[in-house]
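Q: Please take a close look at how the strands of this model are paired into sheets, and describe what accompanies them. A connected account for a reader new to the structure would be welcome.

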Amino acid sequence: MPYLLFPQGRKKALTLSYDDGVEQDARLIQILDRHGLRATFNLNSGCFPQEGVTYPAGTIHRRMPLSWCQKTYSTSRHEVAVHCLTHAMLTELPQPQVLHEILRDRENLEAEFGGMVRGFAYPFGAFNDRIVDALQASGIAYARTVYSTHGFDIPQDWLRLHPTCHHNDPQLDALCDRFLNEPARFSSQLFYLWGHAYEFEEQDNWQVIERFAERMGGHDDIWYATNIEIVDYVNAYRQLMYSADGNTIYNPNHRTIWLEMNGKALQLEAGETLRV
C-alpha cells in the first residue's frame with residue numbers, strides 16, 4: 001500500500017493562515033521568514049482603506065491600503081487568498097450576493113497581485129452547504145474554517161478545511177510537542193495554524209508566534225508550504241493511477257510525487273509509470 005510523502009520524502013508539513021490584511025502582517029512575515037515558515041494571507045479587496053490613512057490612537061485592527069499590501073505580500077514567499085470582498089457574513093446573504101462577494105474579491109486580487117488566486121478563508125468562520133457550493137462554482141480550491149481539530153490528519157474535504165488550532169489555543173505547546181516528536185506511522189501529517197496578526201498586538205503576546213516559529217522552523221523533515229501548495233500536491237497524489245493488482249502506478253501529473261511503500265521512499269516523476 002503506497003502512502004503519501006511530501007516533497008523530498010518528508011512525512012510532515014506545516015502551513016499557516018492569517019486574515020484581514022492588517023499592518024501587523026508585516027511584522028509577522030518578518031518572523032516567519034526568519035525561520036523559513038510559509039503562510040497564506042486572506043484579504044478583503046473591498047476593504048482596503050484609502051492611501052495615507054491615519055488611524056486614531058489605540059486602533060488595533062488597522063487594515064493596510066492596497067499599495068502597502070502589494071509591497072508586503074508581493075515581495076514575499078507567501079500566498080494571497082480570498083476572504084470575501086467586504087468580509088461579509090455569507091450565510092446571511094442571498095446566493096447571487098454570495099457569488100459576487102467571492103468572485104469579485106478573487107478577480108480583484110488576481111489583478112492586484114498577479115497570478116491565479118484559488119484559496120479562501122470563511123469570514124467569521126461562517127459557512128454551510130450553500131456557501132460551499134458557491135465556492136466550488138467560483139473555482140476555489142480550498143476554504144479554511146475556524147474549527148480546531150487538534151490533530152494532523154490530511155484533510156479529506158478541502159472546502160471544509162479545519163485547521164489544527166488557533167495560535168492562542170491552550171494546547172498549542174502540547175500540539176507542537178506531538179508533531180515534532182511523535183513519528184507519522186502511516187499517512188503523512190499536516191500542522192495548520194491560523195489567526196489574525198492584530199491579535200498579537202491586542203493581547204501583547206508576540207512571543208507566542210516568535211516561540212512557535214523558532215521551535216517549528218528549521219527541521220529537515222518538515223515541508224514548509226503555503227496552503228495552496230499543500231492542496232495542489234495532495235490532490236496530485238490522489239490522482240495517481242493504479243493497476244488492478246496495485247503493483248503498477250502511473251503519475252499523470254506534471255509534478256513529481258513522493259510515496260512510501262514498505263518503509264521505503266519512492267520518487268514518481270511527472271508522467272512516469274512505476275512497477276513496484
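**Strand pairing and its surroundings**

A: The model is predicted. Before the strands are taken up, one contact deserves mention: the charged end of Lys 12 sits over the ring of Phe 179, at 5.4 Å from the centre of that ring.

Strand S2 covers residues 12–19, and Thr 15 is found in this strand. Thr 15 counts as buried because its relative accessibility is 1%. A polar atom of the Thr 15 side chain lies 2.7 Å from the backbone oxygen of Ala 225.

The strand pairing may now be considered. Strands of a sheet pair through backbone hydrogen bonds, and the pairing is either parallel or antiparallel. Both arrangements are described below.

One open sheet consists of three strands in the order S1-S10-S11, with antiparallel pairing. Its edge strands are S1, residues 3–5, and S11, residues 264–268, each of which pairs on one side only. From one strand to the next, the twist averages 40°. Strand S10, residues 257–261, is joined to S11 by five bridges, and the two run antiparallel. Within S11, Lys 264 is the residue that stands opposite Met 261.

Another open sheet of three strands has the order S8-S9-S12, and here too the pairing is antiparallel. Strand S8 (241–242) and strand S12 (273–275) are at the edges; each has a single partner strand, so one side of each is left without a neighbour in the sheet. Strand S9, made up of residues 248–250, runs antiparallel to S12 and is joined to it by three bridges. The bridge partner of Thr 248 is Arg 275 in S12.

A parallel pairing is found between strand S3, residues 39–43, and strand S4, residues 79–82, which are joined by four bridges. Leu 43 stands opposite Val 82 in S4. Helix H2, residues 66–74, belongs with these two strands: S3, H2 and S4 make a right-handed β-α-β unit.

Finally, the aromatic residues complete this account. A search of the whole structure finds 14 aromatic pairs. One aromatic cluster is formed by Phe 120, Tyr 122, Phe 127 and Tyr 147.

In summary, antiparallel pairing is present in the sheet S1-S10-S11 and in the sheet S8-S9-S12, whereas S3 and S4 run parallel.

Notes
Residues numbered from 1 in each chain as written. Predicted model: local features only at pLDDT ≥ 70, side-chain atom pairs only at ≥ 80, totals over all residues. Heavy atoms only, no water. Phe/Tyr/Trp six-rings, centres within 6.5 Å; stacked < 30°, edge-to-face > 60°. Lys NZ or Arg CZ within 6 Å of the ring centre and 35° of its normal. Pairing = 2+ DSSP bridges. Axes fitted to C-alpha atoms, helices over the stretch in contact; angles between N-to-C directions. Right-handed = clockwise from strand over helix to strand, strands pointing away. Buried < 20%, exposed > 50% of the residue type's maximum accessible area, 1.4 Å probe, protein only. Polar contact = N/O pair within 3.5 Å; in protein donor to acceptor, adjacent residues only side chain to side chain.
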